[in-house]
Each structure stands twice: as structure tokens, then as C-alpha cells.
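Please look over the structure shown below. The report that follows takes up a helix and then a sheet.

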Amino acid sequence: MPVQQPQYSPKQVAAALSASESSVKRWCDQGAIPTIRTVGGHRKITLDGLQEFLRKTSRGLESPQALGLPSQQPRRNGLVPGGEDPDQQLFRNALAGGDEDTCRRVIWKRVRAGEIRSDVAGYLVTDAMHGFGQAWDCDQLDAYQERRGCDICIRLINELRGDLEPIPDDAPVAIGGAPEGDPYQLPTALVELSLREAGWNAVSLGSNLPTDSFLQAIVDYQPQLVWLSVSTISDVSAFIVEENRLAEHINDDISLLVGGRALSPEVRPQLRYTAHCNGLRNLVDLASMIRPVGGL
Ligand code: B12
């Protein structure tokens, strides 16, 4: 995928900053704004360069729309850090600003261009939320922006899922979720979308799920595959006991696939499971080995 930074002229940047063009040119020439020169000698400013300038000078963009960026920026100034792909930049800054329509446009543009939905969602949502984590660390993001961002992502993931072809009755069943004490909703929603798109009748049971209820769902759904998404563990010993209890009650013919940020190399050897997945693609590949299903 080409990774190209958008480039802006001093005039565009001046409009976005509500400053004069001559001031912007001066900042460029003084090195305050990292600047590229075109073959013809014109000044060009990348989004990263501009971001660096905003950070160093504690400035915000008065009119981000002058640069094609979403109009609602985070209340605290500065852009959300993350990947360099312009789509990622646009998505995460729109998400921080609560601009759901822009986020939706970016996602669907890529899906309509033929990309796999779960790849698009994983690529944009993961980058954005990791950026939110960093922005939060630097006091650049309010709690409401993070909560609202999660809600928007859940809606967008659900839209992607809802627009898929209906699953045939004989499709293999997969269920999963995040264990008790783990409130993270996005990873399990992304796993559900990935498996659904790969032809599984996949159902996410959500987050913060008590083991007994997880076991009841296994009785009710009779799945061939169970996934466990673990993003946070507050009490490692209790988690290991509960995870092993879950694994013990799962029949040998059901695969238990586990993944998530909190499953560190220290914790994993103490758990029982069929396979650990490094990411969503890895999960889909493993799932197709367990039970191949009709194409995408
Ligand atoms: C949103 C968020 C929250 C929200 C979640 C809301 C919700 N509805 O989901 C809430 C408010 C609950 C929250 C709470 C807290 N959070 Co928080 N949170 C985040 C944030 C910003 C995004 C998480 C997220 O959704 N990421 C997007 C997902 C899609 O990415 P991912 O988790 O990496 O998942 C990918 C892979 O791991 C993989 N994957 C995951 N699961 C699975 C499963 C399978 C089977 C497979 C195949 C793959 C897979 O696929 C995913 C897609 O690529 C992160 C920042 C970050 N770096 O992620 C902080 C972050 C995780 N939170 C953090 C902290 C500190 C907290 C709190 C302790 C804050 C507090 N003081 O209260 C609490 C703890 C909550 C708890 N009970 O443990 C820290 C953790 C630091 C650490 N060292 O662990 C982070 C990193 C922020 C930071 N930089 O400080 N948080």
C-alpha cells in the first residue's frame, strides 16, 4: 500500500492557522516548520512537519478544513499520533473530533476499492486507538473523546458486518469475547467481523464476560471455534484459574483461539488453549485450517 504524506503550500497552512502567508514562509525559512522544496523551488509542508510545529509551539489549527482535515479537532490542540498513511491520519483525527461521517467515508472508500473489510477496520481502528492511547498519555485527549471514539468504531464495525451477505445455515459456528474484568469491546468486535467475513457464523458475546456465562453460551451455540480476546488482566492468578476452567470445559473437538495485548509470553505458558493468534489475519488463517469454509 503506498504511504504518501499529503503536502501543503504555505498559503493553505496559513489559512489553517489563521496566520499570514508571509509568516508561514518565514517560519519555513527559519526551520520552525520542516519544509520540502519542490524541483521548481516552491515550499511544501507535510502533515508530520506541521504536526511537529504545532506540538513545539502549542498551537492548534483554527481551520483544519483548509487542509482537507475534519473540521472538529480534538479540544486539546495537536493531532493524534500514528501511522503515516493519509487515510489513517484522516481517520484518527476525524475520530478524535467526533466526525463520524468522515471516518465512515474513509472506511467505505477502501472497502469499495476491494479491500477486505476486517483488514480495513483493523488497519484504521487499531492505528487510531493506539494513537488515542499515546495522545491520552500526553494529555492531548479528553476521556469523552476516547469513549466517543470507541462508540463510533463499534457502530462502523457493525455497519461493515451488517452489510455482509447472509451466512448460510450450515456455516460453522464461532463464538467468543473478552473475559471477566476485561472491558475492551473493540478487539472482540473486530474478531467477529474477521470470522464473519471469512464465512463463519461468528457471534461476539461482548466484553467482561463471566466464565460461567461463557460456558453456558458454548452449550447454547455448540460452536466449532471459541475465541478469547484478552486486553487487560488485573489479577493474573485469578485469570489463569478462570481461563483454564474455560479450557477444561471445552470439548476436544472445539478449538480455543486466544489473542490480545495482555497475553504476554510470561502468561501464555500457564494457559490451556489450541492456538495463540498474533493478529486478525493470523486468526482467519488458523480458522480456515480448523474448518475450511466457502471463500470470502
Ligand atoms: C479505549 C481504551 C480504554 C477503554 C475501553 C473502552 C471500550 N469500550 O472498549 C476503557 C475506558 C475501558 C479503558 C480503561 C482503562 N485503560 Co485503557 N485504553 C484504551 C485504548 C485507548 C484503546 C484500546 C483499544 O480498543 N484498542 C484497539 C484494539 C483494536 O487494539 P488492540 O487492543 O491492540 O487489539 C488488536 C490486537 O491486540 C489483536 N487482538 C486483540 N484481541 C484479540 C483476540 C484474538 C482472538 C485475536 C486473533 C487478536 C486479538 O487484534 C486487535 C486488532 O488489531 C488503549 C490504547 C492502546 N494502545 O490500545 C488504552 C490502554 C490499553 N489503556 C490503558 C490503561 C492504563 C487503562 C486503565 C488502567 C486506565 C485507568 N486508569 O482507569 C483502565 C483499565 C481498565 C481495566 N479494567 O483494566 C493503557 C494500558 C497500559 C498498559 N501498560 O497496559 C493503554 C495502553 C493506554 C496508555 N497508553 O496508557 N481503556
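## Helix 7

Helix 7 (residues 143-162) has 20 residues, and from its first C-alpha to its last it reaches 29 Å, close to the 28 Å expected at 1.5 Å a residue, where the expected span is 1.5 Å times one less than the number of residues. Helices (H or I, at least four residues) and strands (E, at least two) are DSSP runs, numbered from the N terminus.

This is a predicted model, in which local features need pLDDT of at least 70 and side-chain atom pairs count only at pLDDT 80 or more, while totals for chains, interfaces and linings use all residues. Residues are numbered from 1 along each chain as its sequence is written.

## Two faces of the helix

Gln145, Gly149, Cys153, Leu156, Ile157 and Leu160 of helix 7 are buried (20 or more other C-beta atoms within 10 Å of a residue's own, against 12 or fewer for exposed, with C-beta atoms placed from the backbone). Seen down the axis of helix 7, these buried residues fall within an arc of 105 degrees, taken from the directions from the axis to the C-beta atoms, so they line one face of the helix. The face turned away from the buried side carries the exposed residues Ala143, Tyr144, Arg147 and Gly162.

## The sheet

Five strands form an open sheet in the order 5-4-6-7-8, with parallel pairing, two strands being paired if DSSP finds at least two bridges between them. Strand 5 (201-204) and strand 8 (275-276) are the edge strands, each pairing on one side only. Strand 4 (residues 173-177) runs parallel to strand 6 (residues 225-229), joined by four bridges, and Ala174 has Leu225 in strand 6 as its bridge partner.
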